[in-house]
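Please open the model in a viewer and keep the sequence panel visible. The tour below proceeds by selection, beginning with the whole chain.

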Amino acid sequence: MTDVHIPPRATPAEAVYRDHRDHLVRLAYLLTGSREQAEDLVQQAFASAWDRWQAIDQPLPYLKRAIANQAADARRRGIRDRLFRQRARVEPITEVPELDETWAHIKTLPPRQRAVVVLHYYDDRPLNEIAELLSRPAATVRSDLRRALERLRKVLK
């Protein structure tokens, strides 16, 4: 009789990684504008969650928040350089929402306003959830969205 190798079942963390990685990378790309940085943020989010995975009640919101926080940290440290900007324009990660003048203007928004616009319109998140993800007051998130939309209206007239 021959031995049949039965592969082990995927762990819950592996299943979330397999099912949601692409979506999380797209989200990170929209927050940072860099494919490489997006990949790094997603890997860092999963790595930081790995040891305490069993204690995380809702892994997907946890990972999105980790990615949003890491994107903000990277922005504060000034990681962006010319090479990253060139690669982001030449090599988009996937179908970037309508590569048109609207997207070009969204990319010029201040980082916090851009994050709110991306999370609200791309990821279909309600403002209260965005506030929680970004660890900011809901009123501030509403103001950021209002200011971003006002700015976009002015330049898109």
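Begin by colouring the protein chain by pLDDT. This is a predicted model, and the chain averages a pLDDT of 82, with 79% of the residues scoring at least 70. Where is confidence lowest, and where is it highest? Select helix α4, residues 82-90, for the minimum, a mean of 53; then select helix α2, residues 35-50, for the maximum, at 93.

**The whole chain**

Switch to a cartoon representation. The protein chain has eight helices and zero strands, so that the order of elements from the N terminus reads α-α-α-α-α-α-α-α. Colouring by accessibility adds a further view: of the 157 residues, 37% count as buried. Among contacts in the chain with a separation of 6 or more, 66% are accounted for by residues 24 or more positions apart.

**Helices α1 and α2**

Next, select helix α1 (residues 12-32) together with α2. Their axes come within 8 Å and cross at roughly 140°. An angle over 145 degrees would count as roughly antiparallel; α1 and α2 are therefore oblique to each other. The crossing in which α1 passes α2 is right-handed.

Now display the side chains at this contact. On the α1 side, the residues to show include Val 16, Tyr 17, Leu 24, Val 25 and Tyr 29. On the α2 side, they include Leu 41, Val 42, Phe 46 and Trp 50. By class, the contact of α1 with α2 has twelve nonpolar, three polar and four charged residues. Among the residues that meet here are Glu 14 and Arg 21 in α1, and Arg 35 and Glu 39 in α2.

**The loop between α6 and α7**

Move to the loop between α6 (111-122) and α7 (127-134), where Pro 126 is found. Pro 126 is partly exposed, with a relative accessible area of 39%. A distance drawn from Pro 126 to Val 116, C-alpha to C-alpha, spans 9.9 Å, and the two are ten residues apart in sequence.

In this loop, also select Asp 124. Is Asp 124 buried or exposed? Asp 124 is exposed, with a relative accessible area of 61%. Its phi is near 55°, a positive value in a residue other than glycine. Most residues other than glycine have a negative phi.

**The loop between α7 and α8**

Finally, select Ser 135, found in the loop between α7 and α8 (138-156). Ser 135 has a positive phi of about 55° although it is not a glycine. Ser 135 is partly exposed, with a relative accessible area of 46%.

Note on methods: Residues numbered from 1 in each chain as written. Predicted model: local features only at pLDDT ≥ 70, side-chain atom pairs only at ≥ 80, totals over all residues. Heavy atoms only, no water. pLDDT = per-residue confidence, 0-100. Helix = DSSP H or I, 4+ residues; strand = E, 2+ residues; numbered from the N terminus. Axes fitted to C-alpha atoms, helices over the stretch in contact; angles between N-to-C directions. Parallel < 35°, antiparallel > 145°, perpendicular 65-115°, else oblique. Left-handed = near helix turned anticlockwise from the far one by under 90°. Contact = heavy atoms within 4.5 Å. Nonpolar A, V, L, I, M, F, W, Y, C, P; charged D, E, K, R; others polar. Buried < 20%, exposed > 50% of the residue type's maximum accessible area, 1.4 Å probe, protein only.
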